[in-house]
Amino acid sequence: MELIMAKIDLSNISHTYNPKDVKPTYALNPFSMTWENGNRYAILGPSGCGKTTMLNIVSGLVRPSEGKILFDDKDVTDLKTENRNISQVFQFPVIYNTMTVYDNLAFPLKCRNFTKEKIEERVQSVSQTLNLSSFLNIPARKLTADQKQLISLGRGLVREDVAAVLMDEPLTVIDPDLKFRLRRSLKEINEQYKTTLVYVTHDQNEAMTFADNIIVMDQGEIVQVGLPKDLFEKPKTTFVGYFIGSPAMNLFSSEVFSNNSIKFNNLEINTRTDLSKIKNKKVKLGIRSEFIKIANEQKDNVVNVKVSRVEDFGNFKLITGKIGDFEIKSKVERETPISSENLKLYLPADKCCIYSEDKLVQ
Ligand code: ADP
Ligand code: MG
């Protein structure tokens, strides 16, 4: 059976690997999400947060403890992997060492009785994309670890008739240059064939350069789904602020001071957030180092900073300083002269995010 589908719905899914325990631990807490056909998604989060579990639920290798998987509104929760019309690239390459590279790539097509001509066309096309053309007649065991990873990726991409390709950290041992090229190729494949691509990674740069839709996970929770811009400008939790961006978002333990200002280190900082409804007055102020500017005069939202370090990254300078016991980081243009160890920094009110119980106050 082949499924032609438009979208993938994960409906009230949750998963525990120890359902019989008195207190089962959940690898995935209940969530719902839709993957639209033809989009590129990245699932981003630290090791152990549940990324692989989520992919395996979609491909059918793991049956979710609760909830349903729908392919184009059709319930496939109990459908076997073979019947889901999905190809999956695993984190650790699965290849047949004694077969040639050609036969490894052709295998998913041979299993489905594609014609010799079609197989030839697809293997040639994929091997060119992946720089494997000159190795086609060599047994796979003779290839290096990174080439083996490419074969594994190639096997995931060789079928054109799949509804989605799920890739679990597929490029971990590939060198950065080739990695960059491959992500571009993947984008082209996505644009050409309109295949839904889902790319799992713990690397924010990979996620940002690959996908339009980034699903950020933390400890079995989906904490934010959005464009790179959303994750950067309005992280929904302090975890996202910390995990996305380099350096991490500045976070200062503060107290609500008025309906739209907070205090930290005895400094009042204005925000554009309505703080009147917050019960717990202890909040965090979050601001990206990119939004903090050097100020020449004392005015609202200007703080005095004792500079502890200035690093030149070529295209920008990173200032690290202290406000009392708080550390603050500011990214400034590299031409900016920093002559004194006492600096005034301006924290624009509209760039100040307020977190209550580590969640963004909207
Ligand atoms: P990630 O891919 O983000 O590193 P995983 O989905 O592999 O995370 O794991 C999520 C959680 O589930 C982790 O705590 C992990 O230890 C646990 N886990 C994963 N696979 C199994 C398994 N087969 N049996 C028991 N626990 C597992
Ligand atoms: Mg994993």
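**Exercise 1. A salt bridge in helix 3**

Lys118 has 25% relative accessibility in this predicted model. State which exposure class this gives, then find which residue pairs with Lys118 in a salt bridge at 3.4 Å.

*Solution.*
Step 1. Buried means under 20% and exposed means over 50%, with partly exposed in between. At 25%, Lys118 therefore counts as partly exposed.
Step 2. The partner is Glu121, and the 3.4 Å runs from N to O between the two side chains.
Step 3. Glu121 has a relative accessible area of 43%, so Glu121 is partly exposed too.
Step 4. Both residues belong to helix 3 (residues 116-129), where they stand three residues apart, about one turn of the helix. An α-helix has 3.6 residues a turn, so residues three or four places apart point the same way.
Step 5. The pair is part of a network of salt bridges that links Lys118, Glu121, Arg122 and Glu160.

**Exercise 2. Two further salt bridges**

The whole structure holds 20 salt bridges. Describe where the partners lie in the one between Glu233 and Lys229 and in the one between Asp358 and Lys284.

*Solution.*
Step 1. In the bridge between Glu233 and Lys229, the closest N and O atoms are 3.3 Å apart. Both residues are in helix 7, four residues apart, again about one turn of the helix.
Step 2. Glu233 is partly exposed because its relative accessibility is 31%, whereas Lys229, at 52%, counts as exposed.
Step 3. For Asp358 and Lys284 the closest N and O atoms are 2.9 Å apart. Asp358 sits in the loop between strand 20 (353-356) and strand 21 (359-360), and Lys284 sits in strand 14 (residues 282-287), so this bridge ties together parts that are 74 residues apart in sequence.
Step 4. Asp358 is partly exposed at 32%, and Lys284 is partly exposed at 29%.

**Exercise 3. Helix 1 and Asn56**

How many of the nine residues of helix 1 (residues 51-59) are buried? Then list what Asn56 touches.

*Solution.*
Step 1. Eight of the nine are buried, so helix 1 is mostly covered. The buried residues are Lys51, Thr53, Met54, Leu55, Asn56, Ile57, Val58 and Ser59.
Step 2. Asn56, a residue of helix 1, has 13% relative accessibility and therefore counts as buried.
Step 3. Leaving aside residues up to four places away in sequence, Asn56 touches Leu61, Val62 and Gln88. With Gln88, the side chain of Asn56 makes a polar contact of 2.9 Å.
Step 4. Just after helix 1 comes Gly60, which takes a positive phi of about 100°.

**Exercise 4. The surroundings of Val332**

Is Val332 buried or exposed? Name its contacts beyond four places in sequence.

*Solution.*
Step 1. Val332 is located in strand 18 (residues 326-333). At 9% relative accessibility, under the 20% limit, Val332 is buried.
Step 2. Its contacts, not counting residues up to four places away in sequence, are Ile292, Ile294, Phe316, Lys317, Ile319 and Ile338.
Step 3. Thr129 lies elsewhere: its C-alpha is 39 Å from that of Val332, and the two are 203 residues apart in sequence.

**Exercise 5. The two domains**

Describe how domain 1 (7-238) and domain 2 (246-360) meet.

*Solution.*
Step 1. The C-alpha centres of domain 1 and domain 2 are 39 Å apart. Nine residues of domain 1 and 13 residues of domain 2 take part in the contact.
Step 2. About 910 Å² is buried between domain 1 and domain 2, with 60% of that area from carbon and sulfur atoms. Of the area that domain 1 buries against domain 2, Phe232, Pro235 and Thr238 supply 59%, more than any other three residues.
Step 3. Across this interface there are zero salt bridges, but five residue pairs are in polar contact.
Step 4. On the side of domain 1 that touches domain 2, helix 7 (residues 228-233) gives the most, with three residues. By class, this side has three nonpolar, three polar and three charged residues.

**Exercise 6. The whole chain**

How many helices and strands does the protein chain have, and what share of its residues is buried?

*Solution.*
Step 1. There are eight helices and 21 strands.
Step 2. Of the 362 residues, 49% count as buried.
Step 3. The C-alpha trace spans about 75 × 50 × 35 Å along its principal axes.
Step 4. Among contacts between residues at least 6 apart in sequence, 65% join residues at least 24 apart.

Notes:
Residues are numbered from 1 along each chain as its sequence is written. Chains are lettered from A and ligands numbered from 1 in the order in which they are written. This is a predicted model: local features need pLDDT of at least 70, side-chain atom pairs count only at pLDDT 80 or more; totals for chains, interfaces and linings use all residues. Side-chain values use heavy atoms; hydrogens and water are left out. Domain bounds come from an automatic or database domain assignment. Contact means heavy atoms within 4.5 Å. Buried area is the accessible area (1.4 Å probe) that two parts lose on being put together, summed over both. A salt bridge is a side-chain nitrogen of Lys or Arg within 4 Å of a carboxyl oxygen of Asp or Glu. A polar contact is a pair of N or O atoms within 3.5 Å; within protein, one must be able to donate a hydrogen and the other to accept it, and residues adjacent in sequence count only if both atoms are side-chain atoms. Helices (H or I, at least four residues) and strands (E, at least two) are DSSP runs, numbered from the N terminus. Ala, Val, Leu, Ile, Met, Phe, Trp, Tyr, Cys and Pro count as nonpolar, Asp, Glu, Lys and Arg as charged, and the others, Gly among them, as polar. Buried means under 20% relative accessible area, exposed over 50%, partly exposed in between (1.4 Å probe, protein chains only).
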